[in-house]
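Work through the following exercises with the structure open. Each task is followed by a solution in steps.

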4 protein chains.
Amino acid sequence: MKKEALKVAVIGGGSSYTPELVEGIIRRYHELPVRDLYLVDIKAGREKLEIVGALAKRMVEKSGLPINVHLTLDRRRAIEGADFVTTQLRVGLLEARARDERIPLKYNCIGQETTGAGGFAKALRTVPVILDIAKDIQELAPDAWMMNFTNPAGINTEAVLNHSKVKSIGLCNLPIGTQMQVANLTGVSAAEIDMEWVGINHLNWATKILVDGVDILPEILQKAADAKGMTMKNIPDFGWDADFLQSLGALPCSYLRYYYMTDDMLAEEIQASKTDGVRAEVVKRVEKELFDLYRDPNLTVKPKQLEQRGGAYYSEAAMNLISSIYNNKRDTQIVNVANNGILPFLPDTASIEVKCVIDSQGAHPVQIDTPIDARIRGLIQIVKAYEELTVDAAVHGDYNAALQALTIHPLVTSAKVAKSLLADILKENEAYLPQFK
Amino acid sequence: MKKEALKVAVIGGGSSYTPELVEGIIRRYHELPVRDLYLVDIKAGREKLEIVGALAKRMVEKSGLPINVHLTLDRRRAIEGADFVTTQLRVGLLEARARDERIPLKYNCIGQETTGAGGFAKALRTVPVILDIAKDIQELAPDAWMMNFTNPAGINTEAVLNHSKVKSIGLCNLPIGTQMQVANLTGVSAAEIDMEWVGINHLNWATKILVDGVDILPEILQKAADAKGMTMKNIPDFGWDADFLQSLGALPCSYLRYYYMTDDMLAEEIQASKTDGVRAEVVKRVEKELFDLYRDPNLTVKPKQLEQRGGAYYSEAAMNLISSIYNNKRDTQIVNVANNGILPFLPDTASIEVKCVIDSQGAHPVQIDTPIDARIRGLIQIVKAYEELTVDAAVHGDYNAALQALTIHPLVTSAKVAKSLLADILKENEAYLPQFK
Amino acid sequence: MKKEALKVAVIGGGSSYTPELVEGIIRRYHELPVRDLYLVDIKAGREKLEIVGALAKRMVEKSGLPINVHLTLDRRRAIEGADFVTTQLRVGLLEARARDERIPLKYNCIGQETTGAGGFAKALRTVPVILDIAKDIQELAPDAWMMNFTNPAGINTEAVLNHSKVKSIGLCNLPIGTQMQVANLTGVSAAEIDMEWVGINHLNWATKILVDGVDILPEILQKAADAKGMTMKNIPDFGWDADFLQSLGALPCSYLRYYYMTDDMLAEEIQASKTDGVRAEVVKRVEKELFDLYRDPNLTVKPKQLEQRGGAYYSEAAMNLISSIYNNKRDTQIVNVANNGILPFLPDTASIEVKCVIDSQGAHPVQIDTPIDARIRGLIQIVKAYEELTVDAAVHGDYNAALQALTIHPLVTSAKVAKSLLADILKENEAYLPQFK
Amino acid sequence: MKKEALKVAVIGGGSSYTPELVEGIIRRYHELPVRDLYLVDIKAGREKLEIVGALAKRMVEKSGLPINVHLTLDRRRAIEGADFVTTQLRVGLLEARARDERIPLKYNCIGQETTGAGGFAKALRTVPVILDIAKDIQELAPDAWMMNFTNPAGINTEAVLNHSKVKSIGLCNLPIGTQMQVANLTGVSAAEIDMEWVGINHLNWATKILVDGVDILPEILQKAADAKGMTMKNIPDFGWDADFLQSLGALPCSYLRYYYMTDDMLAEEIQASKTDGVRAEVVKRVEKELFDLYRDPNLTVKPKQLEQRGGAYYSEAAMNLISSIYNNKRDTQIVNVANNGILPFLPDTASIEVKCVIDSQGAHPVQIDTPIDARIRGLIQIVKAYEELTVDAAVHGDYNAALQALTIHPLVTSAKVAKSLLADILKENEAYLPQFK
């Protein structure tokens with residue numbers, strides 16, 4: 001028997017993304033009766049929570065739907081009895097992200113929010129908080145689904161899968177974003193596109209691109225060569241080399257530029273850091289503008305400008321997933337789950353990002369058709385090894401695991417650099433890393 | 001782009017099951033535009049083909065749909081350019097089946113059409129014919145899907161998967177039949193039931209039984225104890241022991257009675273063979289009655305009595321599958337496919353029967369949620385080992401593989417019995433086993 | 001640095017086998033300086049302990065070696081500070097074994113000490129005692145090696161590997177016994193024979209038989225057909241069928257007669273039970289005679305008659321193993337260890353019996369060369385599944401696991417029979433199965 | 001029955017290493033009766049062959065042993081009927097090696113004989129020649145063992161294992177060299193040291209270092225920190241950082257400096273290339289001096305100076321292996337063989353370098369004890385993926401595989417650099433790469 005009224009808790013509810021989520025909840029109310037929406041944030045985020053919460057309330061009011069929006073700083077109250085708990089938090093705020101992006105540049109290494117040493121620092125800060133939330137859920141809402149939208153989503157998902165008994169799924173807007181890019185390239189609508197998606201969060205390849213059941217990957221690989229727009233908002237739009245795409249035989253996701261075009265990407269980052277600032281600094285300005293808009297008491301819809309922010313289709317992905325679970329839809333979506341043999345070259349306990357059947361019991365990965373070639377496999381394996389070590393480091397405050405995680409990361413250039421990076425990261429994030437005390 | 005007119009070839013079209021298939025084609029014409037339906041049979045089956053073919057034509061005529069029913073003895077003509085080729089053939093007719101069922105009884109072993117030494121004999125006769133059809137398809141309709149409904153479906157599917165490049169799926173009505181049994185037991189409609197189905201053809205366990213996303217397996221295990229009706233038409237209806245079901249923790253399929261209740265099943269078979277005759281002999285009488293009905297020029301629908309025959313829901317299962325492929329539905333169905341890691345304790349090349357996502361690219365198995373316990377695993381492994389050896393024996397006419405296949409089968413009582421059984425089987429089927437010459 | 005004086009504790013030291021072990025210790029004193037030999041037994045075995053202990057002391061005295069033989073009923077004192085602890089115990093004595101062998105015969109099932117329902121009953125009684133000893137070792141001699149010679153050795157080893165942290169190896173005289181059989185068949189000395197040995201304890205196949213590096217398996221398979229003497233003392237000497245051996249392509253161990261010749265073996269057991277008695281009853285008479293000999297104060301050597309007892313080469317196997325560990329020999333021996341991928345079709349945690357390199361760190365299994373065919377694989381898998389369930393049943397007193405273990409055993413004929421067998425076994429062994437209370 | 005007179009063919013017999021091999025043959029003549037030693041080389045190497053061949057003859061003469069040394073340019077005659085064929089060839093001579101080492105430096109990538117882009121170029125040239133030799137062996141000496149000492153040994157071994165049916169083993173002097181380094185560090189003799197060696201050729205870690213069965217790895221990790229001499233002759237002697245070694249928990253082989261100290265190693269290489277020249281150029285001078293010595297008609301022993309050359313212990317490793325096969329020794333040695341599950345995170349078909357039992361049937365890998373951590377696993381996996389692609393590229397002349405191989409190599413900095421490197425490599429090696437035509 002399906003419940004008739006749902007409680008949804010959004011941890012990090014003061015985020016600028018929240019209006020997108022609220023819009024999604026409203027749009028799907030007919031199939032997903034959210035009665036209580038709890039937006040919860042930490043004390044430092046109270047102002048943003050109040051601004052975005054007020055907008056959320058205006059949006060709901062305009063819709064005329066019987067949804068109660070609650071604003072709170074009490075996370076346990078928000079979680080208690082919830083049906084779905086989503087996380088979209090940022091430990092240390094944009095200031096910490098800016099540091100994550102700047103520190104690696106000192107050593108001529110990629111400085112990125114989720115990839116490389118920057119993502120590593122973020123993971124150290126975030127994993128303990130995510131596991132703490134999981135503990136609250138286990139105690140206060142043991143039947144709830146935990147939806148991790150918090151980056152680095154693959155690492156956070158893996159931490160929850162292996163260090164908690166909570167039912168959880170990790171979600172990212174990259175698959176749906178890639179689908180949109182392909183749609184733009186071909187003129188087909190995104191809904192008609194069905195991809196075979198291989199890899200782990202932010203390290204993926206589309207190995208089939210089906211339209212009406214026909215694989216158009218060869219055509220896409222030709223069209224994508226040197227094309228503009230095959231990227232996400234936060235990733236520079238360098239075109240892919242035609243010979244490279246042909247030799248690869250799969251469509252790489254936008255983040256793979258950091259691995260395949262390390263030199264150009266690094267040059268661009270260094271250049272940008274000197275002019276516009278690192279991405280966190282750009283986002284900070286965008287956010288300021290957004291919150292200025294949100295403050296407007298006449299605003300009752302998600303403003304257009306939010307799409308600039310980078311999280312496009314985020315609400316779409318989130319609400320698709322929650323609705324399919326609630327409605328036992330048995331449709332397929334690309335999410336982050338435990339591997340258990342789907343990618344036989346990774347540990348069973350690894351989180352992977354693949355197509356899954358979604359029903360009330362959760363996400364059930366579907367076998368990959370295409371034999372996965374060494375050209376894809378090797379890169380996934382080393383980055384997953386890095387992720388495993390990072391989870392260990394983050395959970396146990398293990399310096400050795402941390403040093404080795406950075407050392408083997410393909411975007412860190414030597415063990416010596418890894419040691420320096422780690423020293424900087426531990427020092428600059430001291431306030432957020434009690435596990436390393 | 002979907003084709004607007006489909007050609008379907010039914011090998012073994014003179015089967016008494018054909019009206020069920022024709023009914024299914026008519027009922028789904030709105031979503032599956034079958035323009036040409038070829039019913040093909042061998043010379044010995046010409047009379048039955050003509051009778052059932054005439055009925056098929058009357059059924060189509062009554063429907064008013066633009067479907068052309070073709071009757072032919074020329075298999076290659078039927079296959080040429082087909083979109084779907086289904087097989088429902090019986091090498092050696094019911095006479096051979098009767099022998100398959102009687103020979104093992106001489107040695108106090110289970111004599112059954114698909115399970116044990118009887119199924120082994122059937123496999124030796126059938127695999128070469130199925131591979132021959134696959135060869136024709138590869139030559140004459142390389143894009144066609146081959147749907148194996150021919151028993152032993154698991155072995156035939158495995159043979160095609162590993163000895164042909166044809167796109168193929170194996171299908172059985174046991175999963176849908178079990179769903180119906182569960183539906184009857186609970187009062188829920190079959191369509192609402194979603195099972196996690198683990199195993200290989202005719203050796204399966206339901207490890208979850210979901211209604212509206214909730215697992216009602218514990219309740220079913222209690223209700224199924226000593227219940228009547230938890231079986232297929234062709235399998236004696238002995239009730240399951242309550243303690244046994246509890247200790248198993250999964251719902252066994254009907255055929256598992258041969259393994260779990262060997263003594264009672266054998267006693268029943270020996271008794272029946274002396275009174276009603278073995279199952280083939282019963283079926284022969286049923287078939288005679290059916291064909292008498294089919295002859296009636298006023299009959300324009302599938303007669304009720306067909307349900308007695310044992311192949312209930314066969315059309316349902318078949319047309320579901322074909323329609324999902326044609327319409328790229330991405331729904332889930334239980335079919336027979338290559339393992340490739342879904343059951344990690346079986347070889348990758350094994351055929352398994354599990355839930356799959358069905359789209360235009362075929363059937364994509366979904367990961368099994370439930371950790372598969374030793375109580376289930378061991379039995380699947382030894383029977384699959386038997387199947388592997390049987391495919392080898394059937395394809396290569398390998399006496400050694402044949403002797404070992406029978407020897408290790410759990411329903412064959414010793415190597416000495418296996419040797420005698422094999423001698424009898426080879427002798428009695430001499431006309432159908434050119435590979436052993 | 002190697003210790004210069006070793007302490008060895010023999011649990012079940014009152015066994016009739018002990019003189020063989022003592023002989024082995026004396027013979028190898030030059031490379032294995034056993035200073036203290038503790039023979040420990042339970043109160044009920046005090047008389048036998050004293051008789052065999054007195055003989056042991058006379059043997060040592062005659063040797064003139066500085067070995068101290070200690071007799072004790074205090075297991076903890078014997079274990080404390082030991083370097084090697086061997087187990088050769090029999091919970092419930094021969095009376096219990098006789099019941100193990102008789103109960104299955106009631107249901108027309110094989111009644112054998114280690115194989116089938118008899119071995120199952122023995123496992124239920126023995127596993128808890130073995131784990132208790134392991135616990136003592138962990139506490140009192142954490143660096144000691146535990147050598148399990150107690151049957152069912154595969155199940156006991158698996159229990160210790162997975163439920164204790166003690167360093168342990170399981171040992172059986174079947175490999176060395178088979179080597180002797182092959183030696184007799186060919187005229188080569190046993191020491192020159194090197195076998196590739198695949199499987200689990202008492203369920204093994206020699207897949208290569210090397211003499212001077214050349215594989216003589218094909219020749220052995222021909223010679224072994226219908227040959228006498230290819231068996232152990234306790235297993236009837238039925239000859240192997242020539243066609244069967246050819247089709248198998250490997251030399252089966254003696255115990256495989258229970259699986260491949262179930263009918264003949266069962267007939268023989270039923271017959272014997274009515275005349276000579278079951279094996280336990282025969283052994284009882286042999287033991288009585290042995291102890292009468294042991295009592296002779298003039299006896300200072302292992303009497304010839306001990307070889308009749310069935311444990312031939314036991315001392316050889318035991319002392320080989322202990323000496324290779326102590327001397328870090330890096331030679332190869334066939335023992336029972338954790339699988340961890342050597343037989344990729346079994347769980348990593350399974351105990352397997354294969355060739356290992358023996359050094360001071362223990363036993364390191366060597367990769368199997370021969371691709372393992374389905375004819376061998378399937379049988380190993382189902383019996384290992386039975387063993388897994390049996391360990392669970394024995395450790396946790398889990399009725400469900402116990403019922404399923406018996407149900408899936410290839411030598412138990414149905415679930416109904418399994419249920420009856422289990423009821424009898426639990427009742428007849430009540431005094432020894434506190435875990436099932 | 002062991003042969004009493006052996007024929008050994010050395011492909012690349014004109015190498016400066018040959019005197020070392022000849023010395024080894026002489027020293028072991030008592031256990032390895034080499035009657036005919038064929039030194040074979042190509043026409044361009046005739047002069048060196050004659051010089052080194054004359055020395056070999058003088059060495060044998062001095063020994064007084066009945067060994068016939070044959071010099072020939074006819075490879076097929078040398079192989080015909082041989083018992084062992086060893087390869088120590090260099091396609092394109094030192095000139096090609098110099099190019100392999102210089103090209104990557106242009107792009108700020110490591111330029112090394114076997115590691116990175118340099119090793120890749122060498123593989124493209126060498127694999128086809130090695131496979132050609134394997135073909136000759138199959139035809140002319142089907143029972144012979146092929147011993148690959150030719151670099152890149154891992155890739156060459158993998159090519160032969162998967163593209164030939166010849167019995168083959170790959171060998172490298174790095175394990176024995178590392179053992180010597182450890183011996184020097186501890187004062188123990190090398191013969192007393194037994195390592196657990198994990199990885200693939202030139203990418204290995206010692207995960208246990210046993211002396212008399214006791215693991216002294218922790219002690220070694222402390223001593224190795226910043227120590228001098230922990231390297232091979234051809235690899236700069238940068239010390240390992242203490243924290244790094246502790247966090248790694250295993251002793252890295254010398255070649256791992258290219259991965260862990262990429263920046264320092266690259267700087268050193270660039271510097272050296274401007275002063276002493278790349279390593280090939282240094283070696284050329286050493287070789288010239290060696291051949292000047294070899295020319296001396298009074299020289300009848302291997303000159304001391306050969307040890308400077310880099311191939312120390314090469315003869316030791318080679319003759320150990322051949323003797324253990326010939327004498328069916330069943331001892332353990334570290335060699336390159338097919339994986340088949342020993343490193344479960346690599347494909348079965350991968351070549352790996354691990355401890356093996358050596359007998360007349362070849363090399364049988366021993367299970368790894370230590371659970372292999374992500375810190376080691378990830379790096380092995382990506383380099384093995386590179387190797388797989390490189391074998392494909394080399395065998396099939398596949399440009400796409402070649403481009404991707406270089407792209408994913410951790411020491412190649414981007415796909416763009418990979419493309420440029422590949423263009424240079426194909427152009428500069430045109431004469432040696434007919435497969436890319």
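**Exercise 1. Find the partner of B:Arg330 in a salt bridge, then describe the interface of chain B and chain A.**

Solution. The partner is A:Asp194, and the closest N and O atoms of the pair are 3.7 Å apart. This is within the cut-off, as a salt bridge is a side-chain nitrogen of Lys or Arg within 4 Å of a carboxyl oxygen of Asp or Glu. The rule finds two salt bridges across the interface of chain B and chain A.

The model is predicted: local features need pLDDT of at least 70, side-chain atom pairs count only at pLDDT 80 or more, and totals for chains, interfaces and linings use all residues. Residues are numbered from 1 along each chain as its sequence is written, chains are lettered from A and ligands numbered from 1 in the order in which they are written, and side-chain values use heavy atoms, with hydrogens and water left out.

Next, take the contacts (heavy atoms within 4.5 Å). On the chain B side 25 residues touch 26 residues of chain A. The two chains bury about 2,200 Å² between them, 41% of it on carbon and sulfur atoms. Buried area here is the accessible area (1.4 Å probe) that two parts lose on being put together, summed over both. B:Arg330, B:Gln361 and B:Gln367 lose the most area to chain A in chain B, together 29% of what that side buries.

**Exercise 2. State which rotation superposes chain B on chain A, and which lays chain B on chain C.**

Solution. Copies are superposed by least squares on the C-alpha atoms of residues with pLDDT of at least 70 in both. For chain B on chain A, the rotation is 180° with 0.0 Å of shift along its axis, and the RMSD is 0.0 Å. The C-alpha of chain B nearest this axis belongs to B:Val366, at 2.2 Å.

For chain B on chain C, the turn is 180°, with a shift of 0.0 Å along the axis and an RMSD of 0.0 Å. That is the relation of a two-fold axis. The interface residues of chain B are 100% interface residues in chain C too, so the copies meet through the same surface.

**Exercise 3. Describe the interface of chain B and chain C.**

Solution. Here 37 residues of chain B are in contact with 37 residues of chain C. Together the chains bury about 2,900 Å², 53% of it on carbon and sulfur atoms. Eight salt bridges are found by the rule across this interface. One salt bridge joins the side chains of C:Asp264 and B:Lys416, at 2.9 Å from N to O.

**Exercise 4. In helix α8 of chain A, decide which residues are buried and which are exposed.**

Solution. Buried means under 20% relative accessible area, exposed over 50%, and partly exposed in between (1.4 Å probe, protein chains only). Helices (H or I, at least four residues) and strands (E, at least two) are DSSP runs, numbered from the N terminus.

In α8(A), residues 217-224, the buried ones are A:Leu217, A:Ile220, A:Leu221 and A:Ala224. They lie on the same side of the helix because they cover an arc of only 100° around the axis, taken from the directions from the helix axis to the C-beta atoms. A:Pro218 and A:Gln222 are exposed on the other side. Among the elements of chain A that cover the buried residues are α7 (174-186) and β8 (203-211). Just after α8(A), A:Asp226 has a positive phi of about 60°.
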